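Me: Please take a close look at one part of this model, starting from a single residue and its backbone. Then work outward and set that part in the context of the whole chain.

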Amino acid sequence: MKKYDFLKRLAQIVIILFGISFLTFGLTYMAPGDPVRAMYAASGTIPSEEILDETREALGLNKPFLTQYVSWLTDCFHGDFGTSYSYSRPVAGLLLARLWPTLKLALLSLALMLIVAVPLGILSATRRGGIADYLVRGLTFVGVSMPNFWVGLLLLYIFAVQLKLLPVVSAGQGFSKMILPAVTLAFAMAAKYTRQVRTAFLEELNQDYVTGARCRGIRESVILWQHVLPNSVLPLITMLGLSLGSLLGGTAVVEVIFSYPGLGSLAVDAITSMDYSLIQGYVLWIALIYMVINLLVDISYGLMDPRIKEGGR
């Protein structure tokens, strides 16, 4: 990526973040309910109207919308996303603490997905029209059709309740507590990526350079792994980047089912308790992660394909 394009992308990220921050703050500002009452309710106290008014004055909630927004955005630039009243902790600290568990879960689910999707996609493409191809395509159809929450509950019932091989609750440390959530997330992704790998391989197998390599007597395994596979990887990078961004955003349903302490379950708790500071910080945090990952994906294009790096010349 050229320096001009890189700076242009950075400028786009800043503009989009401004827009997202304004929309997020505006929606929470117009949301029904009183955040001050919710704050006291979370602490188990019932304050008087006088105390409520004094708290709103102290927090600046009685100021105009733009004044509140500029004050909040200024604090965000300094790394201060406010304080979560439901957890009584700084929002930035909460997000950082929950990021690492979600990152581990995301990387494990992506690794499981690639272990399954790449071999099945290659098998289906190289056996096009055969029994293996139809079998793999049928399995991917079933995988795409099954929602995550149903897969999670099914795995939970079989491996945790009936067989008692894995823990029911995934809260806490330990690799065994990550297996069921990771498999649940990888299940649907594996079905989708198997189709993408199959499509990418079929497109490359129909290229002239593959025909020429076969005519020169090059072994089929060499053609597949040293020529077709590297050329098929590039279209999948964008999907992997988007999938990683989505997983880091927190797969709320799966994390709630398994009681996994990640960003998704944190977001659900924030919405349930009307913790507006935490909701605003979470949305801004996830938007930043998503855009940074997309930027890194674009940069990786140039590193993997010199034609893109040189502007297509």
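Reply: The part to start from is the loop between α11 (252–257) and α12 (263–272), where S259 lies. The model is predicted, and the values below are computed from it. S259 is not a glycine, yet its phi is positive, at about 55°. Its relative accessibility is 37%, so S259 counts as partly exposed, given that the partly exposed class runs from 20% to 50%.

A second residue can be set beside it. K164 is likewise a residue other than glycine with a positive phi, in its case near 55°. K164 is also in a loop, the one between α7 (148–162) and α8. The side of the cut-off is another matter: K164 has 65% relative accessibility and therefore counts as exposed, since exposed means over 50%.

The chain around these loops is built from 14 helices and two strands. Its C-alpha trace spans about 85 × 60 × 30 Å along the principal axes. The chain has 313 residues, and 40% of them count as buried. The accessible surface comes to about 17300 Å², with 68% of that area belonging to carbon and sulfur atoms. As for contacts between residues at least 6 apart in sequence, 73% of them join residues at least 24 apart.

Charged pairs come next. Side chains of opposite charge can pair when their charged atoms come close. Searching the whole structure gives three salt bridges. One of them joins D133 and R137, with a distance of 3.6 Å from N to O. Both residues belong to helix α6, and because they are four residues apart there, about one helical turn separates them. R137 has a relative accessible area of 38% and is partly exposed. D133, in contrast, has 0% relative accessibility, so D133 counts as buried. The second bridge also uses D133: its partner is R198, and the closest N and O atoms are 3.0 Å apart. Here the two residues sit in separate helices, D133 in α6 and R198 in α8, so this pair ties together parts that are 65 residues apart in sequence. R198 has a relative accessible area of 14% and is buried.

The third bridge is between E220 and R214, whose closest N and O atoms are 2.8 Å apart. E220 is partly exposed at 35% relative accessibility, and R214 is partly exposed too, with a relative accessible area of 40%. Through shared partners, salt bridges join D133, R137 and R198 into one network.

Helices α6 and α8 turn up again at a pocket. The second largest pocket encloses about 300 Å³ of space. Its lining draws at least two residues from each of α5 (91–126), α6 (131–145) and α8 (176–205). Helix α8 gives the largest share of this lining, six residues. In total 14 residues line the pocket, and those nearest its centre are V116, L120, F187, A190 and A191. By class, the lining consists of eleven nonpolar and three polar residues, with no charged ones.

The largest pocket has a volume of about 870 Å³. There are 30 residues in its lining, with L59, L61, Q68, S277 and Q280 nearest the centre. The elements that each supply at least two lining residues are α1 (3–30), α2 (35–43), α3 (49–59), α4 (65–77), β1 (83–84) and α13 (276–304). Of the shares in this lining, the largest is that of α4, at five residues. The classes are mixed here: twelve residues are nonpolar, 13 polar and five charged.

To return to the starting point, S259 is a partly exposed residue with a positive phi, in the loop between α11 and α12. K164 shows a positive phi as well, but counts as exposed.

Key. Residues are numbered from 1 along each chain as its sequence is written. This is a predicted model: local features need pLDDT of at least 70, side-chain atom pairs count only at pLDDT 80 or more; totals for chains, interfaces and linings use all residues. Side-chain values use heavy atoms; hydrogens and water are left out. On a 1 Å grid over the protein atoms alone, a cavity is a set of points where a 1.4 Å probe fits but cannot get out, and a pocket is an open set with protein on both sides within 12 Å along at least five of seven lines; lining residues have an atom within 4 Å of a point. Grid points are joined across faces, edges and corners, and a volume is the space filled by probe spheres set on the points. Ala, Val, Leu, Ile, Met, Phe, Trp, Tyr, Cys and Pro count as nonpolar, Asp, Glu, Lys and Arg as charged, and the others, Gly among them, as polar. A salt bridge is a side-chain nitrogen of Lys or Arg within 4 Å of a carboxyl oxygen of Asp or Glu. Buried means under 20% relative accessible area, exposed over 50%, partly exposed in between (1.4 Å probe, protein chains only). Contact means heavy atoms within 4.5 Å. Accessible areas come from the Shrake-Rupley method with a 1.4 Å probe; for residues, only the protein chains shown count as cover.
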